[in-house]
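Student: I have a new model open and would like to learn how to read it feature by feature. Could we go through it together?

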Amino acid sequence: MRRIAPVVVPVLLAIADAVLVNGLELALELGVSVVAATALLLRRRFPLLVFLVTLPGLYIGYIWFAPMIGLYTLAARRPGRRRLGICAVLLIAAHFLPYPISDFELTAYRENTLVLIDACVTSAAPIALGLLVRTRRELASRVEDLTRSLRREDRLLADRVKTTERARLAREMHDVVAHQVSLISLQAGAVQVSTEDEAARAGARTIRELSVRTLEELRHMVGVLRADGGDGDGEEASGLAPQPDLEELPRLIEMSALDVTYEGGVVASAGGPGGAGGAKTVERAAFRTVQEALTNVRKHAPGAQVRVRVDPSDEVGGEAGPGLRVEIRNGPPDATATAPALPGGGHGLVGLRERAQSLGGTLEARHTSDGGFVVRAEFPYGAG
């Protein structure tokens with residue numbers, strides 16, 4: 001109705017005007033008036049032509065609605081001073097001159113003046129209304145453009161604030177965390193050189209390797225933050241340490257100091273249809289999932305037996321498609337083992353779930369009936 005009513009209602013009003021003015025007896029006047037009224041159906045597409053068609057209806061049939069609506073449409077859709085001026089003069093002439101022209105009385109000054117004023121008002125009113133509507137439409141469009149521009153500026157400002165914060169975070173990570181981890185690595189190296197106990201030397205070597213690996217990953221994160229924060233460039237990003245994938249899982253498990261059984265059924269970087277980039281992203285997510293789960297076992301279930309499974313999957317989240325399934329299951333903690341006083345913020349599993357959801361996958365974490373815990377994640381290939 002919103003699309004049909006603006007087209008049909010003016011036509012019906014013009015037809016009613018033609019019938020009321022001319023009645024049903026005057027065939028020529030009524031026919032010309034109805035043609036003028038019907039032409040309004042095309043007024044939006046051909047406003048100038050429709051207006052010219054309505055002029056005979058005004059001149060012969062003395063109808064007003066059709067020519068006024070036609071002139072209003074012309075002013076609203078095809079504005080132009082010369083065009084509107086000529087059309088206004090034509091409407092005034094059609095209104096002022098009688099039909100037939102022989103009935104015109106030049107000496108009837110008072111009556112002619114009143115008719116001329118009436119014709120000028122009849123011509124000016126639809127032009128003014130049409131220009132007003134067009135101006136209002138243009139202002140609404142400009143306001144909408146300004147609104148979009150302000151929203152875009154707000155987004156740019158928010159991105160700039162985020163960029164500055166990321167750069168600040170990168171500096172803090174580098175200045176604080178990197179310094180502390182470097183001291184740990186140096187102390188472990190000193191112990192490794194000075195001690196004669198083979199077990200202590202092996203432990204110091206492991207601590208040193210973990211510290212170096214942590215520094216490499218920290219360097220990568222600082223480089224990413226600086227690159228996104230505008231403090232880095234392509235050369236810095238290209239020199240970042242490689243991200244972990246499934247090939248690193250055995251080493252991660254070996255250095256975890258836990259009783260872990262690893263069952264891997266996926267070849268590293270044997271990605272699915274998503275290509276190498278998508279496969280790397282999925283493998284990195286799987287690695288981080290195992291890493292966080294082993295950290296939680298070390299915190300909350302010391303001495304527990306752990307089983308890690310990484311298998312290919314033909315269905316992810318109930319939808320068919322190649323993917324990767326990761327499961328970390330641990331039994332109940334050993335009552336004789338001492339739980340390490342490791343800090344925890346409670347955000348590890350939340351971050352893993354958000355990572356899985358961002359890749360189009362799922363993550364489930366729950367307690368088991370035997371007092372253990374299981375973390376199960378599924379990632380579709382090609383999501384990265």
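Student: Let me begin with charged side chains. Which residues are linked in a network of salt bridges?

Tutor: Happy to help, and please keep in mind that this is a predicted model. To read such a network, follow the charged partners from one pair to the next. Here the network links Arg307, Glu327, Arg329, Glu364, Arg366 and Arg376.

Student: Where do I start inside that network?

Tutor: Take a single pair and ask how far apart its charged atoms are. Arg307 forms a salt bridge with Glu327, and their closest N and O atoms are 3.1 Å apart. Arg307 lies in strand S2 (residues 305-316) and Glu327 in strand S3 (residues 319-330), so this pair ties together parts that are 20 residues apart in sequence. Glu327 also forms a salt bridge with Arg329, where the closest N and O atoms are 3.6 Å apart.

Student: Is Glu327 buried or exposed?

Tutor: Buried means under 20% relative accessible area. Glu327 has 12% relative accessibility, so it counts as buried. Its two partners come out another way: Arg307, at 32%, counts as partly exposed, and Arg329, with a relative accessible area of 27%, is partly exposed too.

Student: How many salt bridges does a search of the whole structure find?

Tutor: The search finds 13. One of the pairs is Glu209 with Arg251, whose closest N and O atoms are 2.2 Å apart. Glu209 sits in helix H7 (residues 198-228) and Arg251 in helix H9 (residues 249-254), so the pair ties together parts that are 42 residues apart in sequence. Glu209 counts as partly exposed at 31% relative accessibility, and Arg251 is partly exposed with a relative accessible area of 31%.

Student: Now helices. How do I check the length of one?

Tutor: Compare the span expected from the residue count with the distance between the end C-alpha atoms. For the 18 residues of helix H1 (residues 5-22), 1.5 Å a residue gives an expected 26 Å, and the end C-alpha atoms are 25 Å apart, which agrees. Helix H5 (residues 81-96) has 16 residues and reaches 22 Å, close to the 22 Å expected. H4, with 13 residues, reaches 18 Å, close to the expected 18 Å.

Student: Which residues of H1 are buried?

Tutor: The general idea helps here: an α-helix has 3.6 residues a turn, so residues three or four places apart point the same way. In H1 the buried residues are Pro10, Val11, Ala14, Asp17, Ala18 and Asn22. Seen down the axis of H1, they fall within an arc of 120°, so they line one face of the helix. On the other side of H1, Leu12 and Leu20 are exposed.

Student: What do the buried residues of H1 pack against?

Tutor: They pack against helix H2 (27-38), helix H3 (47-61) and helix H4 (65-77). H4 has buried residues of its own, including Ile69, Leu71 and Leu74. In H5, the buried residues include Leu84, Leu91 and Phe96.

Student: What about nonpolar side chains at the surface?

Tutor: Look for neighbouring nonpolar residues that remain accessible. Val35, Leu41, Leu42, Phe46, Leu49 and Val53 make a nonpolar surface patch of about 520 Å². Leu42 is in the loop between H2 and H3, and it counts as partly exposed at 47% relative accessibility.

Student: Which backbone details deserve a look?

Tutor: Check the phi and omega angles. H1 is followed by Gly23, whose phi is positive, near 70°. Tyr62 has a positive phi of about 60° although it is not a glycine; this residue lies in the loop between H3 and H4. A cis peptide bond joins Tyr99 and Pro100, with omega about -5°, and Pro100 is in the loop between H5 and helix H6 (109-194).

Student: Finally, how many helices and strands are there in the chain?

Tutor: There are 11 helices and 5 strands. Of the 384 residues of the chain, 34% count as buried. Among contacts between residues at least 6 apart in sequence, 68% join residues at least 24 apart. The chain exposes about 22900 Å², with carbon and sulfur atoms supplying 59% of it.

Conventions
Residues numbered from 1 in each chain as written. Predicted model: local features only at pLDDT ≥ 70, side-chain atom pairs only at ≥ 80, totals over all residues. Heavy atoms only, no water. Helix = DSSP H or I, 4+ residues; strand = E, 2+ residues; numbered from the N terminus. Expected span 1.5 Å × (residues − 1). Buried < 20%, exposed > 50% of the residue type's maximum accessible area, 1.4 Å probe, protein only. Arc of directions from axis to C-beta. Contact = heavy atoms within 4.5 Å. Patch = residues over 30% accessible without salt bridge, like charges linked within 9 Å, V, L, I, M, F, W, Y side chains within 5 Å. Areas by Shrake-Rupley, 256 points an atom, 1.4 Å probe, with all protein chains shown as cover. Salt bridge = Lys/Arg side-chain N within 4 Å of Asp/Glu carboxyl O.
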